[in-house]
Each structure stands twice: as structure tokens, then as C-alpha cells.
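Please take a moment to look over the sequence and the structure below before reading on. The paragraphs that follow lead from one residue to its surroundings, and then to the whole.

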Amino acid sequence: MKFLTKLPYEWQIGLRYTRAGRRSGRNSFISFISLISMAGIGLGVAALIIVLSVMNGFQKEVRDRMLSVVSHIEISDAGGVMTEWQTTAREALLNQHVKAAAPYVDGQALIINDNMRGVVVRGISPEQEPSVSDVVSKIKRGSLSSLQPGEFNVVIGKDLAQALDVNLGDKITLAVPQGQMTPAGFAPRLKPFTVTGIFEAGHYEYDVGVVFIELSDAEKLFRLNGPTGVRLRVDDLLQAPQIAQQLSTTLSGALMLRDWSQQNRNYFSAVKTEKRMMFIILTLIIAVAAFNLVSTLVMTVRDKQADIAILRTLGSSPNSIMKIFMLQGSMVGTLGTLLGVGFGVLIALNIPQIVSFIEHLFGVQFLDKGVYFITSVPSDLHWDDVAYIGGMAFLFALLSTIYPSWRAARVKPAEALRYE
């Protein structure tokens, strides 16, 4: 501990006050309160890191499952049909962040079977689609290559197949609004399709509400003379909104661009709000620990009034006295923050294994396979979150030292030593 003698005396005294000092009951109690404050700050920091990591993990899991079906960016024509889609695709690929482009047709239809279901019909090119989405890897039975022009085959989601009670080789009938007038009134356009593939994206909205057919078959079904748009894959999906903004200024024509976050705006807005509220709630744990730190320092100031008076008599300035107690409180806050960050990061990086161990130990299942598509608790640790939480906890601790330190600097030596 020789290095301590080289520090300014304010540091030496502040570090000494952080420890128990004399083993009297009063000093031991103050030290105990300091440990409680340190533990409270550490607990709050760790809880905040762990909870945000789990929420980030669930958001990433759901986002990845969405993007296995939807694309990073969709470009559509204001007129409804993009006859010059090759030109748009070439212009988009000039952007260094755009890695692939493929045409698509989007429309709504009604499945007429024993049960009736409204679905989104997506016409795709089986050869080009794998370059802009991961739908091929989600095919559980059959194949995407079965979607051949003129054969009118369809690939449907697992939940939709269960709801309709159909399997590979079965027929379903799609009814679309683009029908015709008859003497009996308006008749929708009906077309039978053969189920040649079943996919499972792991997201109920898509597994029950989206079907894939071949691009030219979709154009015939909806009576279009071209695709309705172009789907793009970019190198960084988190930058898709910014890339879409760049493309809006470089692409020619009356086009509309929509990135993946806009396609699921309600979901991501809800998650963002939930994360913000959870952050505020858990921050209160750190705030309570900071209030404990205030009470600890107030008790320390009252206990050390004689020491303060002696230091003032020896020539210490009020600023030096204030610095001593600010250093003491900051040390408690720093140690608590470091412990919380270390513990929180350790737990966040190993949450799946820890949850699996608890489930095995107690024979429970937190995420039932029959209810949830995600059967394990995911975690996605963001180091910027860790830095922000750690900095916020240290700031709370620093602010908590101001009032007690100010009170210590106002102690009058004569009054403090009167009864000593």
C-alpha cells in the first residue's frame, strides 16, 4: 500500500473513510451501510444490463425471423405496376450498400377451402428470391424450386397448413378481387393451386398469413403486366432506413420505398416503448441505492466532525474537506458500478446456459414449446448499453455526494471540538 502515501492527503483520507476505520459499533454500522449502498448500486446496474440484454435478444430473434420472409427494403411503383423493374434494380445496385435485388408481386386473396382465410399472396422468382430473403432455409417440406411458371403451385406456412388441414399435393383455391361482372353480379376470380411446399418462419403472422407463388403466375392471377416492385438486400440491415433514404434521392421514377422497420412499425414501436419504460423502472433501483449513499455520507460527516475540525485547524480549506467526502462517495459508487457491470455482463453473456441449467435443476420450462416459437431465453449484449448504464450509475453516485460534502465543508472547528 506504499502507493497510497504518494496520493494527495484528500485521497488518502477519503479512501480510509471508505473502509471501516476503528472497529467501534458506530463505524462498523456506517461501513455496513456503505456496503449496502455499494451492493444496491451493483444490483441495479446488473439488473438493468441483464434485462436490456434479454429484451434486445428477443427483439433480434423476432427481427431475424421476420427478415427470413420480408426483405430489407421494398421498392414499389406509385402506379401499382413496375414495368421497368430491371432499370430500377440496376440503379439500386449502384449503391455500394445494396447487395441484391429481385422482383416481386404483392396482392391479397381469399383461400376458399373447407375453411376460408385471407392471405397475402407474394409472387417471387425462385431463382432470385434466395438472394434477398432466407425463405429457402425456412422450407420444412417440399421446395421453393417447385414454383415453376404455368404450374400454379403454392408454398404456404405451417400454421396456415394446419388451419386449412392441407398437406403437400393438396389443392387450395385462391379468390382475388380482380374478377368480372356477370349477369348475376360481380364474380371474383378463382384459381386452384397445388401445395408443393410448407415453410416455418417462426413468426405466426407470416406462417398463417403469407403464401408464395411463382412470379408470372402471380401476374396472371392479378392481371398485371409486370411485377409490383423490387426487393433489396443490404449489407447492414440496421442501416436499412438510412440506405432507403439515400436511394430515394438517386432512383428515377415515381417510386415508394419502405424498409423492414416500416413494414412492422407497430411491433417495433411497442418494443421500443417497453424497453424505455423498463429502463426507467430499473433505474429507480440505482436511484434508491444513491439515496442510501446520501444517508451514509451524512452519518459519516456527523461521526467525523472532530476529524474535520482538526483538519480545518491544521489549514485544510473547505474545498479540501468537500473533496474528501466526495471521493469517499465516488469510491463507493465506482466499486458498486464496476461490480454491477462485471456481474451483469457475465450473466448476460451466459443467460441461455443459466436458464437451461435452472430448467433442468427444477424441472420447469420457462418458454413452453407448445406456446412459444422461441424455446430458449435469448440475450444480445450491447456494449453501448453497458457504457451508458455504467456512466449513469456513476453520475448518480457523484451527485449523491454533493450535499453531504457541502455540509462537511460548513462544519465550524470551534463548535465541533467544544465537547471533545
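A good place to begin is Leu361, which is found in helix H12, the helix made of residues 351-362. What you are looking at is a predicted model, and every value given here is computed from it. Is Leu361 buried or exposed? Its relative accessibility is 52%, and because a residue counts as exposed when that value is over 50%, Leu361 counts as exposed. Leu361 also belongs to a nonpolar surface patch of about 670 Å², whose other members are Ile354, Phe357, Ile358, Phe362, Val364 and Phe366.

From this exposed residue we can turn to a buried one, Ser405, which is found in helix H14 (residues 402-409). Ser405 has a relative accessibility of 0% and therefore counts as buried, since the cut-off for that word is under 20%. If residues up to four places away in sequence are not counted, Ser405 touches Met322, Phe325 and Met326.

Leu221, which is found in helix H6 (residues 215-221), is another buried residue, with a relative accessibility of 2%. Which residues does Leu221 touch, once those up to four places away in sequence are not counted? They are Leu174, Val176, Arg189, Lys191, Phe193 and Ile213. For one of these, Arg189, the separation can be given in two ways, as Leu221 and Arg189 are 32 residues apart along the chain, while their C-alpha atoms are separated by 8.0 Å.

Arg189 falls within strand E7, which covers residues 185-199 and in which Thr194 also lies. Thr194 is buried, with a relative accessible area of 15%. Leaving aside its neighbours within four places in sequence, Thr194 is in contact with Phe152, Asn153, Val154, Gly169, Asp170 and Lys171. Of these partners, Val154 is 40 residues from Thr194 in sequence, and yet the two are 5.9 Å apart in space, C-alpha to C-alpha. With Lys171 there is a further detail to look for, namely a polar contact of 2.7 Å that joins the side chains of Thr194 and Lys171.

A helix can be read in a similar way, by asking where its buried residues are. In helix H7, which is made of residues 240-250, the buried residues are Ala240, Ile243, Ala244 and Leu247. When one looks down the axis of H7, these buried residues fall within an arc of 100°, so they line one face of the helix. The face turned away from this buried side carries the exposed residues Gln245 and Thr249. What do the buried residues of H7 pack against? They pack against strand E1 (73-77), H3, E2, strand E9 (229-234), strand E10 (255-259) and helix H8 (260-263).

Asn95 adds to this picture of H7, for Asn95 is found in the loop between helix H3 (85-93) and strand E2 (98-112). Its relative accessibility is 13%, so Asn95 counts as buried. Leaving aside neighbours within four places in sequence, Asn95 is in contact with Ile243, Gln246 and Leu247.

Finally, we can step back to the whole protein, whose secondary structure comes to 15 helices and ten strands. The protein has 420 residues, of which 46% count as buried, and its accessible surface comes to about 21,700 Å², with 59% of that surface belonging to carbon and sulfur atoms. Among the contacts with a separation of 6 or more, residues 24 or more positions apart account for 79%.

Note on methods: Residues numbered from 1 in each chain as written. Predicted model: local features only at pLDDT ≥ 70, side-chain atom pairs only at ≥ 80, totals over all residues. Heavy atoms only, no water. Helix = DSSP H or I, 4+ residues; strand = E, 2+ residues; numbered from the N terminus. Buried < 20%, exposed > 50% of the residue type's maximum accessible area, 1.4 Å probe, protein only. Contact = heavy atoms within 4.5 Å. Polar contact = N/O pair within 3.5 Å; in protein donor to acceptor, adjacent residues only side chain to side chain. Patch = residues over 30% accessible without salt bridge, like charges linked within 9 Å, V, L, I, M, F, W, Y side chains within 5 Å. Areas by Shrake-Rupley, 256 points an atom, 1.4 Å probe, with all protein chains shown as cover. Salt bridge = Lys/Arg side-chain N within 4 Å of Asp/Glu carboxyl O. Arc of directions from axis to C-beta.
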